[in-house]
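Hi,

Here is the structure I said I would pass on. Have a look first, and my notes follow below.

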Amino acid sequence: MVDHEVDTSAGTAVVDADAFNRRGVRAAASEGVLARVRSGLDELTGALRRVAEHVLSDPE
């Protein structure tokens, strides 16, 4: 069982470390992060935008 705890004030989630190490959960979490970066890309400028573009082009 995976326990999820969400801190709504910070907008973050805490995931059970053992579950996170399983490939499926890790892949799903990575996709969520990439989707979040992708959706906010237009709001970024300068070096932060270049870092985001690099991460999106090579997520590994």
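Reading from the N terminus, the chain runs β-β-α-α-α, which gives three helices and two strands in total. Bear in mind that this is a predicted model, so let me start with how far the predictor trusts it.

Confidence is mixed. The mean pLDDT of the protein chain is 74, with 55% of the residues at 70 or more. Strand β1 (residues 4–7) is where confidence is lowest, with a mean of 50, while α3 sits at the other end with the highest value, 95. I'd read anything about β1 with that mean of 50 in mind.

On the overall build: of the 60 residues in the protein chain, 8% are buried. The accessible surface adds up to about 5000 Å², and carbon and sulfur atoms account for 54% of that. As for contacts between residues at least 6 apart in sequence, 6% of them link residues at least 24 apart.

Now for the side chains. How many salt bridges does a search of the whole structure find? The answer is one. It pairs R49 with E53, and their closest N and O atoms are 3.1 Å apart. Why these two? Opposite charges on side chains can pair when the charged atoms come close. Here both residues belong to helix α3 (residues 46–57), and because they are four residues apart there, about one helical turn separates them. Buried or exposed, then? R49 is partly exposed, at a relative accessible area of 26%, and E53 is also in the partly exposed class, at 36%. The pair also sits in α3, the element with the highest confidence in the chain.

One more residue to look at is R38, which is part of helix α2 (residues 23–40). R38 is partly exposed too, with a relative accessibility of 48%. If you want a distance to check in your viewer, take R38 and V55: they are 17 residues apart along the chain, and their C-alpha atoms are separated by 9.7 Å.

That's what I have for now. Shout if anything looks odd on your side.

Cheers

Terms used: Residues are numbered from 1 along each chain as its sequence is written. This is a predicted model: local features need pLDDT of at least 70, side-chain atom pairs count only at pLDDT 80 or more; totals for chains, interfaces and linings use all residues. Side-chain values use heavy atoms; hydrogens and water are left out. Buried means under 20% relative accessible area, exposed over 50%, partly exposed in between (1.4 Å probe, protein chains only). Contact means heavy atoms within 4.5 Å. Accessible areas come from the Shrake-Rupley method with a 1.4 Å probe; for residues, only the protein chains shown count as cover. A salt bridge is a side-chain nitrogen of Lys or Arg within 4 Å of a carboxyl oxygen of Asp or Glu. pLDDT is the predictor's confidence in each residue, from 0 to 100.
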